[in-house]
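User: Please take a close look at the metal site in this model and the residues around it. I would like one connected account that also places the site relative to the pocket and cavity.

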Amino acid sequence: MTQRHTLRINGERLWARLEEIGQIGATAGGGCNRQALTDEDRIGRELFASWCEQAGCSLRRDAVGNLFARREGTEPGLAPVMTGSHLDTQPSGGKYDGIYGVLAGLEVLQTLEEGALHTRHPLEVVVWTNEEGCRFDTAMMGSAVWSGAMSLEDAYALADRTGASVRDELERTGQLGDLPAVAGPVHAAFELHIEQGPVLEAERKTIGVVTGVQHMSRHRVVYYGQEAHAGPTPMTLRKDPMMALGQCLPELYAMTEQHGPDARVTFGFVHAEPGSSNTVPGRLEFTVDLRHPDAGQYQSMLQAYEAIINAAARRFDLAMEYACFWEAPGVEFDSDCVAAVQSAVDNLGYSYRRMVSGAGHDACNVSRVAPTSMIFIPCEGGLSHNEKEAVSAADVEAGANVLLQAMLVRAELDS
Ligand SMILES: [Zn+2]
């Protein structure tokens, strides 16, 4: 057994730090309100900076406030192995979404520092600015700018409801850094995160080896019928858009089921007009959210969805409009990074499942410019973006050990 295989992080310290930083912006319901570039966010970042000092890391900040804690490698000129996530939260968020990935990364660096161990590649822990996109309305903003998906000017110009801009708030909170917000070479990147869904807990698995992120899109469908009196108008003589919806829903659910257990369909909004209980509606609008991790299956779902909604319009003699109003392409993570996580899990002996993420993460942006993958741990009831978000100390420790081992696979211990 090599040293890499026996090395473990300090789970108690990691847990204590999660609790301590969770007090900044703590809510009455046991969660956290530490939105991007508020005073609470600044205080959280200052606490993180003090821990970086204890871990013997240098800390730098870029032009969009992303923080980079760095531990040098032994071989000059090699690109870093990176990990990171976010410290900001939703207004009624939890204590672990994002924060766990950042503090676990720091724990990895501190573990190596205390063991006087060195890697050939440098190691970096990143705090991405404004991942949540609740105060400033663009999620994953810091990693988007850094990876070139968004311009710095567009990020600076985002404003909150009071009119305060990202640029102003970066300056006010002392987070405007001197590094250019542009990705340099990265050897490999990992993001450790809570699952934010119920699958790992339901299957009693400790680790999610995340192979990619779902393809997803949202669509709006409007059927136009004819308003008519609910009494005198026979069923056969109506132009009733609700009948079309009644045909679509079971067909779309069945179609989704045919695309396997990873397919998703959600009807989150349905609105009939005029909205009177004794009038056949003249207009019916609903949304369809479609997701699948496999590109081919996802395309097949899109085609089937279109055929179903069109067939219903024809059958009930309705005019219709439909359009896609949001689409996010899926991500397939780097096979070497996924293999590094898999070998870490195998070595540590934790139960696991391979899975795709149903939510977007900073890692999606990072994967545009660097070999990347993710690691999940379970969260209670799958709850996230919720004050009741909860995790177990054992899972927290296990996930951080997987991160440690995976990073060492790619960064190479120098003996
Ligand atoms: Zn997150």
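Analyst: The account below starts at the metal, moves to the annotated residues, and ends with the pocket and the cavity.

This is a predicted model. The zinc ion has three coordinating residues, H86 through NE2, D97 through OD and H193 through NE2, at 2.0 to 2.2 Å. Along the sequence these donors follow the spacing H-x10-D-x95-H. The two histidines link distant parts of the chain, being 107 residues apart. H86 sits in the loop between β3 (81–85) and α4 (99–114), while H193 belongs to strand β6 (residues 188–194). Both H86 and H193 are buried.

One of the zinc donors also appears in the database record. The unreviewed UniProt entry carries the annotation "binding site" for D97, E132 and H385. These residues gather at one spot, because no two of their C-alpha atoms are more than 9.7 Å apart although they span 289 residues in sequence. D97, E132 and H385 are also included in the lining of the largest pocket.

E132 lies in the loop between β5 (123–127) and α5 (141–147). E132 counts as buried because its relative accessibility is 8%, and the cut-off for buried is under 20%. Leaving out residues up to four places away in sequence, E132 touches H86, D88, T89, Q90, D97, A139 and H385. Those contacts include H86 and D97, which are donors to the zinc ion. The side chain of E132 is also joined to that of Q90 by a polar contact of 2.9 Å.

H385 is located in the loop between β17 (372–377) and α13 (393–411). With a relative accessible area of 43%, H385 is partly exposed, whereas E132 is buried. Beyond four places in sequence, the residues touched by H385 are Q90, S92, D97, E132 and Q196. The side chains of H385 and D97 are joined by a polar contact of 3.3 Å. D97 thus takes part in this contact and also coordinates the zinc ion.

Q90 touches both E132 and H385. Q90 is in the loop between β3 and α4, the loop that also holds H86. At 16% relative accessibility, Q90 counts as buried. Apart from neighbours within four places in sequence, Q90 is in contact with C32, N33, R34, Q35, E132, C134 and H385. The polar contact of Q90 with E132 is between side chains, at 2.9 Å. By contrast, the C-alpha atoms of Q90 and R314 are separated by 44 Å, with their positions 224 residues apart along the chain.

The next topic is the pocket that the annotated residues help to line. The largest pocket has a volume of about 1,300 Å³. It is lined by 49 residues, and those closest to its centre are M216, R291, G358, A359 and G360. Two or more lining residues come from each of β8 (215–224), β10 (264–266), β13 (283–292), β14 (319–328), β16 (352–357) and α12. β16 gives the largest share of the lining, 5 residues.

Strand β13, one of these contributing elements, holds D289. D289 counts as buried, at 12% relative accessibility. A polar contact of 3.2 Å connects the side chain of D289 with the side chain of R218. Setting aside residues up to four places away in sequence, D289 touches S217, R218, R264, V265 and T266.

The enclosed space is a separate topic. The structure holds 1 cavity of 30 Å³ or more. The largest cavity has a volume of about 70 Å³. Its lining consists of M82, T83, G84, V126, W128, A189, F190, E191, A363, V366 and T372. The elements giving two or more residues to that lining are β3, β6 and α12 (362–366). Strand β6 also holds the zinc donor H193, and α12 is among the elements that give two or more residues to the lining of the largest pocket.

In short, the zinc ion is held by H86, D97 and H193, and D97 is also one of the residues annotated as "binding site" in the UniProt entry. The other two annotated residues, E132 and H385, each touch D97.

Methods:
Residues are numbered from 1 along each chain as its sequence is written. This is a predicted model: local features need pLDDT of at least 70, side-chain atom pairs count only at pLDDT 80 or more; totals for chains, interfaces and linings use all residues. Side-chain values use heavy atoms; hydrogens and water are left out. Donors are N, O and S atoms within 2.8 Å of the metal (3.2 Å for Na, K and Ca); water is not among the atoms, so sites may look incomplete. Helices (H or I, at least four residues) and strands (E, at least two) are DSSP runs, numbered from the N terminus. Buried means under 20% relative accessible area, exposed over 50%, partly exposed in between (1.4 Å probe, protein chains only). UniProt positions are given in the numbering used here, feature names are shortened, and annotations may be inferred rather than shown by experiment. On a 1 Å grid over the protein atoms alone, a cavity is a set of points where a 1.4 Å probe fits but cannot get out, and a pocket is an open set with protein on both sides within 12 Å along at least five of seven lines; lining residues have an atom within 4 Å of a point. Contact means heavy atoms within 4.5 Å. A polar contact is a pair of N or O atoms within 3.5 Å; within protein, one must be able to donate a hydrogen and the other to accept it, and residues adjacent in sequence count only if both atoms are side-chain atoms. Grid points are joined across faces, edges and corners, and a volume is the space filled by probe spheres set on the points.
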